Amino acid sequence: MPNVTKAYNFQAILEGALSFLPGGVWLLSRKGTGGTTSARYCYTVWLRHLIKTAPFRKGPPTGTVVELGPGDSLGIGLAALLSGAERYVAVDSVRYADTQRNIEVLGELVALFRQRAPVPDAREFPRVKPELQDYRFPDHLLPKAWLYKALDPGRIQRIESALRETQRTQSMVCYVDPQHKNTIPQGTVTHVFSQAVLEHVDEPNAVYTACHDWLAPDGVMSHVIDFKSHGVSKEWNGHWLYPDPLWRLIRGRRPYLLNRLPCSAHLDMIRAAGFALVSVERTHLPSSIETRQLARRFRRLSPEDLTTSGVFLVAQKPPMATRHLHQSACVESQAF
Ligand SMILES: C[S@@+](CC[C@H](N)C(=O)[O-])C[C@H]1O[C@@H](n2cnc3c(N)ncnc32)[C@H](O)[C@@H]1O
């Protein structure tokens with residue numbers, strides 16, 4: 001690519017500048033996040049995390065499940081409850097989801113689970129990761145008798161009532177902002193997950209440390225991270241072209257944008273938080289940008305990071321004896 005400014009998206013720069021004006025942030029955050037308004041999207045995302053983490057868990061979901069950044073509805077976590085988890089805590093910096101939409105999505109999810117519908121695949125959701133080898137309903141993970149209990153009408157009624165009191169700390173469904181994440185008791189969570197969130201978080205190392213604190217010793221953490229530019233550049237990886245001052249203008253006063261950390265930086269932070277990575281699936285796209293064209297602080301990006309458009313990862317707490325080794329792992333991410 002000869003001229004890097006050709007990859008700049010001037011509308012994104014303008015929107016960032018707009019956010020400094022009174023009312024500008026409100027104008028920009030009126031748009032929702034998209035995906036979780038659809039029950040079928042929530043169903044496919046949850047079942048993909050469930051299926052992919054199955055080798056690292058014992059049996060069907062139980063206990064407390066935490067989701068980071070649910071977006072427009074709490075549907076992915078509701079799917080976790082309908083699979084048998086006992087409690088769901090959603091942590092989001094913007095409160096996009098509302099009670100009415102959550103209740104509608106809950107009704108549609110109940111119907112999908114009762115039908116034991118196949119996992120919606122790439123024909124319906126071409127951009128959703130991780131991909132599966134088999135999109136049939138996972139009967140082996142959610143046996144009929146288990147699901148029968150999880151979908152008991154009285155239980156569905158309790159979930160619906162909980163959706164009306166998500167601000168109550170002890171509620172079966174709890175919806176908190178990141179400042180209140182300390183309300184999650186340490187060492188109690190069986191599964192913490194997110195879908196297309198950690199690329200947006202300003203301080204992911206603090207988030208990974210919090211996840212580590214929450215997780216039970218045999219718990220599991222799974223995340224999909226999307227490293228694409230989310231439209232702020234004309235190239236899929238063009239967000240790494242912007243020099244810092246221009247990036248600060250694009251970021252503006254929006255509640256969040258992109259932290260621009262590449263895949264290896266996230267993996268290092270996860271290890272530094274004390275986790276063992278048990279599965280890492282990178283997705284690659286070709287790059288028309290060369291490393292030398294990137295903004296100065298990204299010029300040390302490895303060819304692998306430059307072409308990594310997404311990752312699905314699973315991490316767990318390592319057995320006690322090896323934990324200190326992971327905590328002292330080199331933190332390449334500090335370079336960014
Ligand atoms: C692209 S949306 C993804 C929404 C949903 N997970 C999905 O799959 O459609 C990103 C979400 O991350 C949330 N987010 C951004 N920064 C966050 C933070 N520090 N802690 C928790 N959530 C955050 C946003 O509010 C938003 O809901």
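**A walk through the sheet, outward from β4**

Strand β4, residues 189-195, is mostly covered, with 7 of its 7 residues buried. This description rests on a predicted model, and β4 is a convenient place to start reading it.

On one side β4 pairs with strand β1 (residues 64-68) in the parallel sense, over 5 bridges. To find this pairing in the viewer, look for E67, whose bridge partner in β4 is F193. β4 also pairs with strand β5, residues 215-226, again in the parallel sense, and here there are 6 bridges. A marker for this second pairing is V192, which stands opposite M221 in β5.

The chain passes from β4 to β5 by way of a helix. Together β4, helix α8 (residues 204-214) and β5 make a right-handed β-α-β unit. Helix α8 lies across β1, β4 and β5, and runs at about 150 degrees to β5.

The loop between β4 and α8 contains L198. Is L198 buried or exposed? L198 has 23 other C-beta atoms within 10 Å, and a residue counts as buried at 20 or more, so L198 is buried. Which residues does L198 touch, once its neighbours within four places in sequence are left aside? They are P204, H223, I225 and H266. Of these contacts, P204 belongs to α8, which covers residues 204-214, while H223 and I225 fall in β5, which covers residues 215-226. For a sense of distance, L198 and Y148 are 50 residues apart in sequence and lie 34 Å apart in space, C-alpha to C-alpha.

Now go back to β1 and follow the sheet the other way. β1 and β2 run parallel and are joined by 5 bridges. Within this pairing, L68 stands opposite V91 in β2. Here too a helix links the two strands: β1, helix α4 (residues 75-82) and β2 make a right-handed β-α-β unit.

Strand β2 is mostly covered, and 5 of its 5 residues are buried. Burial applies to both faces of β2: R87, V89 and V91 are buried on one side, and Y88 and A90 on the other. Beyond β2 comes β3, and strand β2 (residues 87-91) pairs with β3 in the parallel sense over 4 bridges. Two residue pairs mark this pairing: Y88 has V173 as its bridge partner in β3, and V91 has V176. V91 thus appears in two places, opposite L68 and as a partner of V176.

These pairings can now be placed in the whole sheet. In general, the strands of a sheet pair through backbone hydrogen bonds, either parallel or antiparallel. In this model 7 strands form an open sheet in the order β3-β2-β1-β4-β5-β7-β6, and the pairing is mixed. The edge strands are β3 (173-176) and β6 (276-284), each of which pairs on one side only. From one strand to the next, the twist averages 10 degrees.

The last stop is the ligand. Which of the 20 residues around the ligand come nearest? They are G35, G69, G71, V94 and Q195. Q195 is the end residue of β4, residues 189-195, which brings the reader back to the starting strand. By residue type, the shell around the ligand divides into 10 nonpolar, 9 polar and 1 charged.

Methods
Residues are numbered from 1 along each chain as its sequence is written. This is a predicted model: local features need pLDDT of at least 70, side-chain atom pairs count only at pLDDT 80 or more; totals for chains, interfaces and linings use all residues. A residue is near a molecule or strand if its C-beta atom, placed from the backbone, lies within 6 Å of it. Ala, Val, Leu, Ile, Met, Phe, Trp, Tyr, Cys and Pro count as nonpolar, Asp, Glu, Lys and Arg as charged, and the others, Gly among them, as polar. A residue is buried if 20 or more other C-beta atoms lie within 10 Å of its own, exposed if 12 or fewer, and partly exposed in between; C-beta atoms are placed from the backbone. Two strands pair if DSSP finds at least two bridges between them. A crossover is right-handed if, with the strands pointing away from the viewer, the path from the first strand over the helix to the second runs clockwise. Two residues are in contact if their C-beta atoms, placed from the backbone, lie within 7 Å. Axes are lines fitted to C-alpha atoms, for helices over the stretch in contact, and angles run from 0 to 180 degrees between N-to-C directions.
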